[in-house]
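Q: Could you take a close look at one part of this protein for me, the strand that sits between two partners, and then walk outward from there? I'd like one connected story rather than a list.

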Amino acid sequence: MENPYVQYMYSYPHKTAYGPLSGICLEDYIQRLAGGQNSLYFHIPFCQSKCGYCNLFSVTGQSEDFMSAYVDAMERQAEQLRTILPEGADFSDLTLGGGTPLLLSEKQLERVFSIARGQMGFKGKTVIVETSPAQTTEEKAVLLKENGVTRVSMGVQSFHDEELRALNRRHKVEQVHRAAHILKKSNFPCMNLDLIYGIPGQTVKSLLDSADQAAAYEPEEMFVYPLYIKKGTFLAQKMTIHPEILYEMYQELRDFLRERGYKQLSMRRFVKDPDPLDQRSCGFENTISIGCGGRSYIEDLHFSTPFAVGQRGCMDILQQYIKKKDFLEVTHGYLLPEEEMRRRYVIKNILFCQGIDREEYRSRFDSEPEGDYPLLTEWIQRGMAAADSEKICLTERGISLSDLLGSALMSEEVRERMKKWHYDERWGKA
């Protein structure tokens with residue numbers, strides 16, 4: 001079969017399409033946050049170890065002093081942003097992502113929450129934190145509850161030690177159970193558990209056993225990810241993807257979760273009791289990221305620090321961030337033309353939300369989606385998508401091939417920009 005696992009589609013455009021920017025004044029753009037749908041993201045790029053499949057911006061083995069210096073830099077960044085935030089620039093949700101945010105000490109975590117509330121004025125009701133089994137403790141769970149966390153997402157990946165070793169994960173299954181018990185007992189409004197399929201040595205039987213053990217904790221959400229092998233990762237030279245096996249595993253896992261009452265909202269996301277508000281239109285929401293490695297979106301301006309994968313490359317960028325004086329200068333990102341904004345809207349809505357709303361599309365772009373993107377008509381004809389007078393949505397078959405379909409919607413300009421991002425085999429940086 002054609003390999004549908006080539007481009008992991010979770011946002012558009014990818015950070016490797018970003019490049020140098022000049023003449024961008026953040027103060028001119030940040031005024032657009034007033035009265036809009038805004039999110040706040042704190043990036044904590046520290047991990048105990050680098051997972052075998054990870055090509056994210058993260059580093060390992062850092063001292064508490066270094067991490068404190070990083071939190072200091074986040075506070076300076078937030079203080080500068082506070083001076084230009086417009087009246088009415090409210091944030092509806094806060095996410096602590098990584099890396100592994102709970103690798104921070106309790107004191108450091110308290111500071112991060114304090115920065116969000118104090119300098120950034122966060123008053124929203126949705127607070128999301130990512131964690132991993134080894135860092136999930138009773139004390140930190142209490143701290144998260146005290147700070148209003150509403151969703152905790154834990155990267156389990158597998159309930160089999162040999163599969164965790166194959167992924168170069170450093171936690172054990174017994175730690176997974178201990179951490180899941182802590183989260184369940186803490187009674188967060190939403191607990192999410194992540195699983196991976198396609199792990200070397202994994203079978204359909206062992207995958208479903210992991211899913212069964214995860215489901216026993218009755219998480220409100222489960223995310224299931226195909227194993228992607230990316231340049232610069234531990235597994236890059238150690239295995240080959242077999243798409244037919246991955247696809248079979250996906251189908252078995254999807255059916256398993258459905259039978260246990262989970263509703264599928266995307267290729268990866270399964271939810272017990274979806275909130276209708278969670279499925280609103282997406283693609284034009286704004287995000288402000290605090291920290292090194294996170295992405296900010298203010299309408300057509302997408303920006304971040306430069307992207308790296310390897311330890312040396314990430315550390316170089318991190319050290320520059322910690323020393324930085326002016327956090328209001330935007331020097332790296334992508335100023336999206338109208339065409340790319342339209343593509344972003346189509347990709348995000350058809351892959352992650354409830355489809356493309358025809359009326360909303362007309363009001364935003366003064367055109368018809370099929371006219372702008374004939375691929376949509378082709379998918380409808382092939383049974384990958386379905387359309388009526390109100391919406392265009394992926395079918396069950398289309399959802400299963402989301403990464404393949406989403407990548408087909410990428411523009412040639414973005415493809416060329418991504419190709420120009422050069423991976424340095426020594427340091428893992430452009």
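A: Let's start with a term: two strands pair if DSSP finds at least two bridges between them. Keep in mind that this is a predicted model. Now to strand β2, which covers residues 38-44. β2 and β12 pair in the parallel sense, with 5 bridges between them. Within that pairing, Leu40 stands opposite Ile288 in β12. β2 also pairs with strand β5 (residues 93-98), again in the parallel sense, this time over 6 bridges. There, Tyr41 stands opposite Thr95 of β5. As a general point, strands of a sheet pair through backbone hydrogen bonds, either parallel or antiparallel.

How covered is β2? It is mostly covered, with 7 of its 7 residues buried. You can check that face by face: Asn38, Leu40, Phe42 and Ile44 are buried on one side, and Ser39, Tyr41 and His43 are buried on the other.

Two of those β2 residues turn up again in the largest nonpolar core, which has 118 residues. Leu40 and Phe42 are listed with Met120 and Tyr197 as the residues with the most contacts inside that core. Helix α2 gives the most to this core, with 8 residues.

Tyr197 makes a good next stop. Strand β8 (residues 190-197) runs parallel to β9, and 6 bridges join the two. In β9, the bridge partner of Tyr197 is Pro226. Strand β9 (residues 221-226) is mostly covered too, with 5 of its 6 residues buried. If you skip its neighbours within four places in sequence, Tyr197 is in contact with a long list of residues, including Tyr5, Gln202, Leu207, Val224, Tyr225, Pro226 and Leu227. That list also includes Leu246, Met249, Tyr250, Leu253 and Met267.

Back to α2, the helix that gives the most to the core. Glu64 has its place in α2. The C-alpha atoms of Glu64 and Leu104 are separated by 7.7 Å, with their positions 40 residues apart along the chain. Leaving aside neighbours within four places in sequence, Glu64 is in contact with Ser105 and Gln108.

Both α2 and β12, the partner of β2, lead on to a pocket. The second largest pocket holds about 380 Å³ of space. It is lined by 21 residues, and the closest to its centre are Ser304, Thr305, Tyr321, Lys324 and Glu329. Four elements each supply at least two residues of this lining: α2 (64-82), β12 (286-290), α9 (311-323) and β15 (329-335). The largest share comes from β15, with 4 residues. By type, the lining divides into 9 nonpolar, 10 polar and 2 charged residues.

For contrast with the parallel pairings of β2, have a look at an antiparallel sheet. This one is open, and its 3 strands come in the order β16-β18-β17. β16 (356-357) and β17 (385-387) stand at the edges with a single partner strand each, so one side of each has no neighbour in the sheet. β17 pairs with strand β18 (residues 391-394) in the antiparallel sense over 3 bridges, and the bridge partner of Ala385 in β18 is Leu394.

So what should you take back to the strand we began with? β2 has β12 as one parallel partner and β5 as another, and both of its faces are covered.

Note on methods
Residues numbered from 1 in each chain as written. Predicted model: local features only at pLDDT ≥ 70, side-chain atom pairs only at ≥ 80, totals over all residues. Heavy atoms only, no water. 1 Å grid on protein atoms, 1.4 Å probe; cavity = no way out; pocket = protein on both sides within 12 Å on 5 of 7 lines; lining within 4 Å. Points joined across faces, edges and corners; volume = space filled by probe spheres on them. Nonpolar A, V, L, I, M, F, W, Y, C, P; charged D, E, K, R; others polar. Core = buried A, V, L, I, M, F, W, Y, C linked by side-chain atoms within 4.5 Å. Buried < 20%, exposed > 50% of the residue type's maximum accessible area, 1.4 Å probe, protein only. Contact = heavy atoms within 4.5 Å.
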